[in-house]
Amino acid sequence: MVAVTLTNFIDGKHAAPRSGDYFESPNPSDGSVNARVPDSIRADVDAAVMAAKTAFTSWSRTTRAHRSQILNRIADLIESRLIEFAEAESRDQGKPVSLALAVDIPRAVHNFRFFATYLHHMEEKSTVQDGVSLNYVVRKPVGVAGLISPWNLPLYLATWKLAPAIASGCTMVLKPSEFTSVTCWMLCDILNQAGLPPGVVNMVFGVGPKAGAALVEHPDVRLLSFTGGTVTGETIYRSCAKGFKKMSLELGGKNANIIFADADFGKCLNTTVASSFRNQGEICLCGSRIFVERSLYPKFLEEFIARTEKLVVGHPSDPKTDIGALVSAAHLNKVMGYVRLAQEEGGIVACGGTLVTNVMNGEGGYYMRPTILTGLSSTSRCAQEEIFGPVVVVIPFDSEDEVVTYANGTIYGLSASVWTTNLNRAMRMGQELDVGTVWINQWMVRDLNLPFGGAKASGVGREGAPYSFDFFCEEKAVQIAL
């Protein structure tokens, strides 16, 4: 494939970066150049914010019905190019094409359709103070939103921000991850085709310290939605606090997968393989800490290792591939570094832990075997720090109280899974775990009507309906004397 040269998208038009500089983004499957990405600077961000600010006056006054129609058109146009988007996502990120076809692109379509539909069913509060006042709530879009999306689920998570922002009547500037910018760039032409007015959605591509920082710091950006690492999130939090900006931060996770002895073993095992290694373990919701009740631990570990060893690490375009390439050489080195750290901490590599260099058509790609670590404590670095790769730690436990202590004993609090057939225990665990989402006997089931976000260092705020509308809008009380 010939590398594609991306452009910024400002006021409905494609534009080269003001500096004229680009950097290369690799195809993780073989290390070749996949895209030339604009190395945007503050001037590019200024132009994008100005376009969004100009468009806000008219867009914020459009009807919900009109916004809904445009959102549905965007969904239809993406869906009509499903295979093209899935293949591009795979080349950019390293995930299997089969996964992008089944999850990433359909979920992006669903994001637009969900918020398009939700717009028709919104209600506002009103009250009557007898003989005194008729009171009601007016919901108004805040203004220009800054959106920063991550590299692991590029289009899926970018549209998770774009769709509710458009639906709310905000205008926006999106900065996708510099590692995976292609599908967001492809979306720009679809926005025009769908009839979205110029300036409503603008995209500036580039690196965090330049384009990202300029977007976060811009005085006309009234609110900021970020999905990414906790360290970056803390920097954004500090910057936004100076301008009293609204923030939504979905950050890192070190999620617990808790398996009691009475679990439905077959279902639990199948799901645990997926929750451990799907998308090369590069999902913030992956269950990278697996706690197993001691009486079940030997059987579980034996079966889990056997299933993991059968997973196919291969070229993302191969339909037989279970695990594709990690996103970059640097990230692969980081993940492999944690395997070495585990051994230094006294852990055992029970499965995997090696590079894969014999992938057909994947010479130069970033591949490793899915890895299971044992013999580590719940306070070890590999059980505390976000690795964000196909590496899990399996730890036995003896009691419910003990495993709750283990699960809650990190700085993170994004999600957890619990496997048990005891309903009372399931209810207790749902209460006791300090996370934003608890799955009981399942994983990665997403209902956009529910609040999504993290506790502790896993984030600030909630996304979904109506929570995203609460973020992108301000509520005003209007009171009329009777």
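This passage describes the surroundings of Ser458 and the two largest cavities in a predicted model.

Ser458 sits in a loop. The loop runs between strand 19 (437-440) and strand 20 (459-460). The relative accessibility of Ser458 is 0%. Ser458 is therefore counted as buried, since that class takes in residues under 20%. The side chain of Ser458 reaches the backbone oxygen of Gly252 at 2.6 Å. Gly252 is also listed among the contacts of Ser458, with neighbours within four places in sequence left aside. That list further includes Leu249, Glu250, Leu251 and Gly253. Tyr412, Gly413 and Leu414 complete the set.

The model holds six cavities of 30 Å³ or more. The largest encloses about 110 Å³. Its lining includes Asn152, Leu153, Tyr156, Leu157 and Trp160. Glu250, a contact of Ser458, also lines the largest cavity. Cys284, Leu285, Met444, Arg446 and Phe452 make up the rest of the lining. Helix 5 (residues 154-168) gives the largest share, three residues. By class, the lining of the largest cavity comprises eight nonpolar residues, one polar residue and two charged residues.

The second largest cavity holds about 100 Å³. Of its 17 lining residues, Gly281, Ile283, Cys286, Ser288 and Phe388 are the closest to the centre. Helix 9 (265-277) and strand 17 (391-397) are the elements that each give two or more residues to this lining. The lining of the second largest cavity divides into seven nonpolar, eight polar and two charged residues.

Notes: Residues are numbered from 1 along each chain as its sequence is written. This is a predicted model: local features need pLDDT of at least 70, side-chain atom pairs count only at pLDDT 80 or more; totals for chains, interfaces and linings use all residues. Side-chain values use heavy atoms; hydrogens and water are left out. Helices (H or I, at least four residues) and strands (E, at least two) are DSSP runs, numbered from the N terminus. Buried means under 20% relative accessible area, exposed over 50%, partly exposed in between (1.4 Å probe, protein chains only). A polar contact is a pair of N or O atoms within 3.5 Å; within protein, one must be able to donate a hydrogen and the other to accept it, and residues adjacent in sequence count only if both atoms are side-chain atoms. Contact means heavy atoms within 4.5 Å. On a 1 Å grid over the protein atoms alone, a cavity is a set of points where a 1.4 Å probe fits but cannot get out, and a pocket is an open set with protein on both sides within 12 Å along at least five of seven lines; lining residues have an atom within 4 Å of a point. Grid points are joined across faces, edges and corners, and a volume is the space filled by probe spheres set on the points. Ala, Val, Leu, Ile, Met, Phe, Trp, Tyr, Cys and Pro count as nonpolar, Asp, Glu, Lys and Arg as charged, and the others, Gly among them, as polar.
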